[in-house]
Amino acid sequence: MTMVNPYADAPVPPRSYLLPDGRRLLVRRIDADDLTLERAFLSRLDAEGRAYRFLGLIKGTDENVARELTAVEPEREVSLIALIGDEGAETEVGVARYRAYGAGDSADCAVTVDPAWRRGGIGGRLLQRLVEVAQERGVRRLFAADGVHGAVAHRFAERYGFRCCADPDDPAAAIFERDLA
Ligand SMILES: CC(C)(COP(=O)(O)OP(=O)(O)OC[C@H]1O[C@@H](n2cnc3c(N)ncnc32)[C@H](O)[C@@H]1OP(=O)(O)O)[C@@H](O)C(=O)NCCC(=O)NCCS
């Protein structure tokens, strides 16, 4: 069944944030012109970061991966890119993405930051912006189901109000979820 999403064409205004180190971070929607930035970002990710970037999808490792990740399905996905540096010379330092299911009120989400830029406040700003955009688009529940492994991911999720629940499909696994008011 095709999901009818009244928000599919709604704009996602860019946001600028001042990081604790004094740098400016721009967070905006990813688009097809970001292919070069995205390719470079993927090449810098560690295995864990790659897993989250792909949001649980099985992806190949060829040239088409960056293309797929910059071609978001507007009906059910929002993908945000975090950039540092002057226009025309930016570096992609992080991404956040959600993909909605069913009627569009529940969405799987993931955040990934370049390993060299972690612990600088980028992941938190990306997640907060993703939450705002999801709320504006009628998402009522965000979850991270694809094996939120490791203490860092747990701390990060809990810091932003996600609670750890049993996965109904896999008793050995956990889901992090957050209700959006
Ligand atoms: C998790 C991840 C996105 C965090 O990004 P980041 O830019 O380093 O996060 P921030 O600097 O904004 O930190 C936000 C909060 O997360 C928690 N956190 C982040 N890194 C942490 C670490 N290494 N140890 C403990 N807590 C950590 C803290 O509560 C932190 O708040 P604080 O700085 O006030 O203490 C990043 O480590 C990453 O990309 N990891 C690989 C992919 C992943 O695990 N994604 C998360 C699940 S979707």
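**Figure 1. Composition of the shell around the ligand.** Ten nonpolar residues, written as 10 in the count, stand beside six polar and five charged residues in the shell around the ligand. The view is taken from a predicted model. In total, 21 residues surround the ligand, and the closest are R118, G123, G124, A153 and R159. At least two shell residues come from each of helix 2 (47-53), strand 5 (106-113), helix 4 (122-136) and helix 5 (150-159). Helix 5 makes the greatest contribution to the shell, with five residues.

**Figure 2. Overall arrangement of the chain.** The chain contains five helices and eight strands. Read from the N terminus, the order of elements is β-β-α-α-α-β-β-β-α-β-α-β-β. Of the 181 residues in the chain, 30% are buried. Among contacts in the chain with a separation of 6 or more, 61% join residues that are 24 or more positions apart.

**Figure 3. The open sheet of eight strands.** The strands are arranged in the order 1-2-3-4-5-6-8-7, and their pairing is mixed. Strand 1 and strand 7 (163-167) form the edges, each pairing on one side only. From one strand to the next, the twist averages 30°. In general, the strands of a sheet pair through backbone hydrogen bonds, in either a parallel or an antiparallel manner.

**Figure 4. The hairpin of strand 1 and strand 2.** These two strands pair in the antiparallel sense over four bridges. L18 is placed opposite R24 of strand 2. Five residues lie between the strands of the hairpin, where G22 adopts a positive phi near 95°.

**Figure 5. The surroundings of S16.** S16 belongs to strand 1 (residues 15-18). This residue counts as exposed because it has 10 C-beta neighbours inside 10 Å, and the limit for that class is 12 or fewer. When neighbours within four places in sequence are set aside, S16 is in contact with R24 and L26. The C-alpha atoms of S16 and R125 are 9.8 Å apart in space, although 109 residues separate the two in sequence.

**Figure 6. The largest nonpolar core.** This core has 34 residues, of which L80, A82, Y98, L126 and L130 touch the most other members. Strand 2 (24-29), strand 3 (77-84), strand 4 (91-101), strand 5, helix 4, strand 6 (141-144), helix 5 and strand 8 (170-179) each contribute at least two of the core residues. Helix 4 provides the largest share, six residues.

**Figure 7. L126 and its contacts.** With residues up to four places away in sequence left out, L126 touches V27, L80, A82, G94, A96 and V111. Two of these partners, L80 and A82, are named with L126 among the core residues that touch the most other members.

**Figure 8. Helix 4 against the sheet.** Helix 4 lies across strand 1, strand 2, strand 3, strand 4, strand 5 and strand 6. Relative to strand 4, the helix runs at about 35°. Helix 4 also supplies at least two residues of the shell around the ligand.

**Figure 9. The pairing of strand 6 and strand 8.** Four bridges join strand 6 and strand 8 in the antiparallel sense. F143 stands across from E177 in strand 8. Both strands also supply at least two residues each to the largest nonpolar core.

Terms used: Residues numbered from 1 in each chain as written. Predicted model: local features only at pLDDT ≥ 70, side-chain atom pairs only at ≥ 80, totals over all residues. Near = placed C-beta within 6 Å. Nonpolar A, V, L, I, M, F, W, Y, C, P; charged D, E, K, R; others polar. Buried ≥ 20, exposed ≤ 12 C-beta atoms within 10 Å, placed from the backbone. Contact = placed C-beta atoms within 7 Å. Core = buried A, V, L, I, M, F, W, Y, C linked by C-beta atoms within 7 Å. Pairing = 2+ DSSP bridges. Axes fitted to C-alpha atoms, helices over the stretch in contact; angles between N-to-C directions.
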